[in-house]
Amino acid sequence: MSLEKRIAGDLKAAMKAKDDAAKRGIRAIKQAILLAKTDGSGDEITEGKEIKMLQKLVKQRKESLEVYEKQGREDLAVVEREEIAVIEKYLPEPMGEAD
């Protein structure tokens, strides 16, 4: 199943469950996919491109989280942590030392 189809189904489930954190994270992924599809390059979105896109979203949120923590804005930091957790669910498991 492609990431886009998985996102659509998960967004519906999050909306039914009224899970705001999941809705924010999934909508961010959906927006990134839409931007990648309409960037004018005409390139197909491969699995590798999807992973890079998700990693970029997590990195952006971690940078924001760091700024919010330095400024003592725990209310905004909580939002970033929730979105990071949601987006990381769509990333493949990192390889361990044994792999």
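This note walks through the predicted model, from the overall fold to single residues.

1. **Overall make-up.** The protein chain contains 4 helices and 0 strands. Read from the N terminus, the order of elements is α-α-α-α. The C-alpha trace spans about 40 × 40 × 35 Å along its principal axes.

2. **Burial and contact range.** The protein chain has 99 residues, and 30% of them count as buried. Take the contacts between residues at least 6 apart in sequence: 54% of these join residues at least 24 apart.

3. **α1 against α2: geometry.** Two packed helices are described by the angle between their axes and the distance between the axes. Start with helix α1, residues 3-17, and helix α2, residues 20-37. Their axes come within 9 Å and cross at roughly 150 degrees. Angles over 145 degrees count as roughly antiparallel, and α1 and α2 are therefore roughly antiparallel to each other. Their crossing is left-handed.

4. **α1 against α2: residues.** On the α1 side, the contact is made by L3, E4, I7, D10, L11, A14 and M15. On the α2 side, the residues are A22, K23, I26, R27, I29, K30, I33 and K37. By class, this contact has 9 nonpolar, no polar and 6 charged residues.

5. **K23 up close.** Is K23 buried or exposed? This residue of helix α2 has a relative accessible area of 17%. The cut-off for buried is under 20%, so K23 is buried. Which residues does K23 touch, leaving aside its neighbours within four places in sequence? They are L11, A14 and M15. Each of these three is listed on the α1 side of the contact between α1 and α2.

6. **α2 against α4.** The axes of α2 and α4 come within 8 Å and cross at roughly 60 degrees. This crossing is right-handed. From α2, the residues are A21, A22, R24, G25, I26 and I29. They meet V79, E82, E83, V86 and I87 in α4. The residues of this contact divide into 7 nonpolar, 1 polar and 3 charged.

7. **Residues of α2 that serve two contacts.** Compare the two lists for α2. A22, I26 and I29 appear in the contact with α1. A22, I26 and I29 also appear in the contact with α4.

8. **α3: length and end.** Helix α3 covers residues 47-70, with 24 residues. From its first C-alpha to its last, α3 reaches 35 Å. That is close to the 34 Å expected at 1.5 Å a residue. G72 follows α3, and the phi of G72 is positive, near 75 degrees.

9. **α3: buried residues.** Which residues of α3 are buried? They are E50, M53, L54, L57, V58, R61 and L65. These buried residues pack against α1, α2 and α4, the last of which covers residues 74-88.

10. **S64 up close.** S64 also lies in helix α3. How does S64 compare with the cut-offs for burial? Buried means under 20% relative accessible area, and exposed means over 50%. S64 has a relative accessible area of 25%, so S64 is partly exposed. S64 and A36 are 28 residues apart along the chain, and their C-alpha atoms are separated by 22 Å.

Technical notes: Residues numbered from 1 in each chain as written. Predicted model: local features only at pLDDT ≥ 70, side-chain atom pairs only at ≥ 80, totals over all residues. Heavy atoms only, no water. Axes fitted to C-alpha atoms, helices over the stretch in contact; angles between N-to-C directions. Parallel < 35°, antiparallel > 145°, perpendicular 65-115°, else oblique. Left-handed = near helix turned anticlockwise from the far one by under 90°. Contact = heavy atoms within 4.5 Å. Nonpolar A, V, L, I, M, F, W, Y, C, P; charged D, E, K, R; others polar. Buried < 20%, exposed > 50% of the residue type's maximum accessible area, 1.4 Å probe, protein only. Expected span 1.5 Å × (residues − 1).
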